[in-house]
Structure formats: structure tokens, C-alpha cells
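Got the viewer open and a selection box ready? Here is a short walk through the model, one stop at a time.

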Amino acid sequence: MNEKSITTKQLFFVIFQAQIGIGLLSIPYSVHEHAKSDGWISVFFAGIGIQILIILLWVLLWGFKGKNFYEITVIVFGKYLGKCINLLYTIYFLLVLSLLALLFSDLLKRWILSYTPAPIVVLLLIAIGIYIGKNNLRVIARFYVLASGLVILSVILPWFSFGVNFQWEYLFPIGQSGLTNIVIGSHNAIVAMIGFEIIMVILPYVTGTYKQSLKSISMANMAVTLFYVYFMVSCYLVFSPEEIKIIPEPVLYILKAVSFRWVERMDLVFLSIWIIPMATSFITYVYLSSSGAANLFHKGRRKYPVWYLMLFVFLAGLLFSSESEIAQFDKYVSYSSYIFMMLIPALTLLVSMIRKKFNYRSTTQ
């Protein structure tokens, strides 16, 4: 695969941007269904769970240094079964890509582009995905580094709302939902924070040792976890437990209540900034799905599959129009993520050890 290498510092920003996306806007609402005001604890649990999955993927990739996951499956399971697994991963990444486009268009139609047809909004996102996603990894990583500045700016905006309604008692008593509900609530947080699986494809292109890469990935996951906790707590301090039950995007509603002489709708300012992180999440899965298709059909050249995969995304935007259909699609994709992020990698690692394909190397890496 013709990809340029990236540094471990760039890897940090790639993982950070891949994990942050549209899920941030609704995560306080979705997690609150089970965990109530302990939802911020669920996010911590989700961060720990994701770190375990990151270590699982890293151990697998470490055992096959210089190989990405699409190449490892062929080594472990053989040519035919390995390519079937790679095809399933390509389809899964394409489904996630389509879901992100649907959620993106649905959000923008409800908040900004009320009279714009959903397929047109999807086309705009597809144009961004093609323009950036068809480039090599180094170009994408540089864009992610640049886009991270806007994410930092978005952290400041919720503080403008604290003069409106700011109640610490909404967070107490801590642990009232019970451990079981907190753990169940972490499912929605994990789904909102996926994107770390990009390491399955890009880790061989990172300069430095594998241990240095693991450190960068872990720090990025920790930063994302704290970032989500920050916005969770911000929402729980402003909205009462009863209010947050009926507010699907509490982050935006916080800012909607704020106005100044020089700006009327702070929520639209935030959303205009947040389009960039939503786009980077989309580009992540453009890269993952096109890498899978390129590995299967184009001898590693990604510029061809990017185009026809985007056609599938556009067709998905035509087929799924109602919020209920999108919600059902979201449910299926969310639960299938455990198969592709945990079950298959764990099985691949196990089989590689049984078949003695896994190669522990006595190096400092």
C-alpha cells in the first residue's frame, strides 16, 4: 500500500480526531437513559473498555510488525478465509461510514438546513470525504492536526452558559444509579467514541517503536475520555435529570440559551465549528473502508474505491430518510461493532498463537 509514514505525535491527533465526532452532541442524553446523572462515570468506564480493546489490537499488530490487520488475517487464516474476513470488515466500515453521513445530514437538517433535502447534505459531506480521504495518510494526519485547534476552541464555548443555570446538586448523590446501570450506560459512550480501530491499518506506517505508538494512542484515548466527561458534566450541571430526558442534543441546547450583543445563536457558532470534527470522523472511515477495498480488489491503491464507496453512501442517504429508520440502522451497527472491534481480533490473536504464526520478537520495540 502506497502510504507515507506519520510520526507518533501525528498519531496522537489522528486517534483523537477519529474518536471525536457527532456522538458528542447526544451522548449526555443517550447515556442518561440508564446511568442518569452518573453518566459521566459511564464515560470513564467506556474509556477503560476502549483502552483494553486498544491493547488487544496493539498486541496483535505487535506480533506481526510491519503488517496491517488486512494482511494479518490472510497470514493467520489463509488466503480465502482471510479475504472473506477482510471483506466483512470493509462492509462494516462502509456501514459505519453511511451511518455517520445519515446522522450528519439529520443533525444539520434539524438545526441549520431545515429546507435542504437530506441527499444534498450527504453530498456535501461526501465531497469533503473524497477531497481529503483519497490522499495518503500523511496528508490526512496533517489535516487532523490542524483541525484539532478548532476542537480546543469548542471546549471554551460551554462556559458561556454557566451564568444561565449552574447547579452542582444535579450531580449528586454520586453512584445513585447503581454499578449495573452505569456499566450498561457505558455502551452508548463506547459507541460514541469508536474510531480508535484505525490503528488496525495505520500502525505499520508510524515512525518510532510500537511501544511509543501505544503511548501516543493511549494518551489520545485518555484525552478523548476527559473531553467527553467535560461535556457530560457541563450538560448535567445545566439541565436537571428530568430535563435531560427530553433533550436529544443537550450540548447544543446549552448554548442555544446564550446570546450576546455581538452574536445571537451561540449554538450555531458551536455547530459550525463542530462540523470539522464530524467530518474528520467521516474521513476516518473513508480511509478504513477504502483501504479494505483497495487491499481486496486494487492491489493497495485507494484512489479507485473511494469513488464507488461514496456512491453506496449516497444511496444509503436516499434509502434511510426517517429518524426511526436511522435509529434502527444505528442500533444494528452499534452492536455489530463489538464483533469487529473485540471478537474477531481476539479470535485472530488466539488462532495465530495456536498455529504458531504469532511472532514474539526479542527487541526493544
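Start by selecting Ser 105, which sits in helix α5, residues 79–111. Bear in mind that you are looking at a predicted model. Ser 105 is buried, its relative accessible area being 4%. Which residues does Ser 105 contact once its neighbours within four places in sequence are left aside? Show Ala 118, Val 121 and Val 122, and you have them.

Keep Val 122 on screen and add Val 313, since the two touch. Val 313 also touches Leu 94, Leu 97, Ser 98, Ala 101, Ile 126 and Phe 282, if you don't count residues up to four places away in sequence. Now zoom out to the largest nonpolar core, which has 123 residues. Val 313 is among the residues there that touch the most other members, along with Tyr 89, Ile 202, Tyr 228, Trp 274, Phe 282 and Met 310. Colour α10 too: the largest share of this core, 16 residues, comes from that helix. As a general point, nonpolar side chains in soluble globular proteins tend to be buried together.

Next up, the aromatics. The whole structure has 19 aromatic pairs. Pick Phe 16 and Phe 227, whose ring centres are 6.1 Å apart with the planes at 75°, so this is an edge-to-face pair. Phe 16 belongs to helix α1 (residues 8–19) and Phe 227 to helix α10 (residues 210–238), so the pair ties together parts 211 residues apart in sequence. Both ends are tucked away: Phe 16 counts as buried at 10% relative accessibility, and Phe 227 counts as buried at 8%.

Now slide along to Phe 231 and Phe 270, a tilted pair at 6.1 Å centre to centre, with 55° between the planes. This one links Phe 231 in helix α10 with Phe 270 in helix α13 (residues 266–297), 39 residues apart. Phe 231 and Phe 270 are both buried. To see the whole group, select Phe 12, Phe 13, Phe 16, Phe 227, Tyr 230, Phe 231, Phe 270 and Trp 274, which form one aromatic cluster.

For a quick detour, show Lys 65 and Tyr 210: the lysine lies over the face of the ring, 5.7 Å from its centre.

Time for charges. How many salt bridges does a search of the whole structure find? There are 4. Go back to helix α5 and select Arg 110 with Asp 106, which are 4 residues apart and so separated by about one helical turn. Their side chains meet in a salt bridge at 3.1 Å, N to O. Arg 110 is partly exposed at 36%, while Asp 106 counts as buried at 17%.

Add Glu 249, which forms a salt bridge with Arg 110, the closest N and O atoms being 2.7 Å apart. Glu 249 lies in the loop between α11 and α12, so its bridge to helix α5 ties together parts 139 residues apart in sequence. Glu 249 counts as buried, at 6% relative accessibility.

Then pick Glu 242 and Lys 245, another salt bridge, with 3.4 Å between the closest N and O atoms. Glu 242 counts as exposed at 55%, and Lys 245 as partly exposed at 41%. Before leaving the charges, highlight Asp 106, Arg 110, Glu 249 and Glu 323, joined into one network by salt bridges that share partners.

Last stop: Pro 241, in helix α11 (residues 241–244). Pro 241 is partly exposed, at 34%. Beyond its neighbours within four places in sequence, Pro 241 contacts His 32 and Tyr 170.

How values were computed. Residues are numbered from 1 along each chain as its sequence is written. This is a predicted model: local features need pLDDT of at least 70, side-chain atom pairs count only at pLDDT 80 or more; totals for chains, interfaces and linings use all residues. Side-chain values use heavy atoms; hydrogens and water are left out. Helices (H or I, at least four residues) and strands (E, at least two) are DSSP runs, numbered from the N terminus. Buried means under 20% relative accessible area, exposed over 50%, partly exposed in between (1.4 Å probe, protein chains only). Contact means heavy atoms within 4.5 Å. Rings of Phe, Tyr and Trp (its six-membered ring) pair if their centres lie within 6.5 Å; planes under 30 degrees apart count as stacked, over 60 as edge-to-face and the rest as tilted. A charge sits over a ring if NZ of Lys or CZ of Arg is within 6 Å of the ring centre and within 35 degrees of the ring normal. A nonpolar core is a set of buried Ala, Val, Leu, Ile, Met, Phe, Trp, Tyr and Cys residues joined through side-chain atoms within 4.5 Å.
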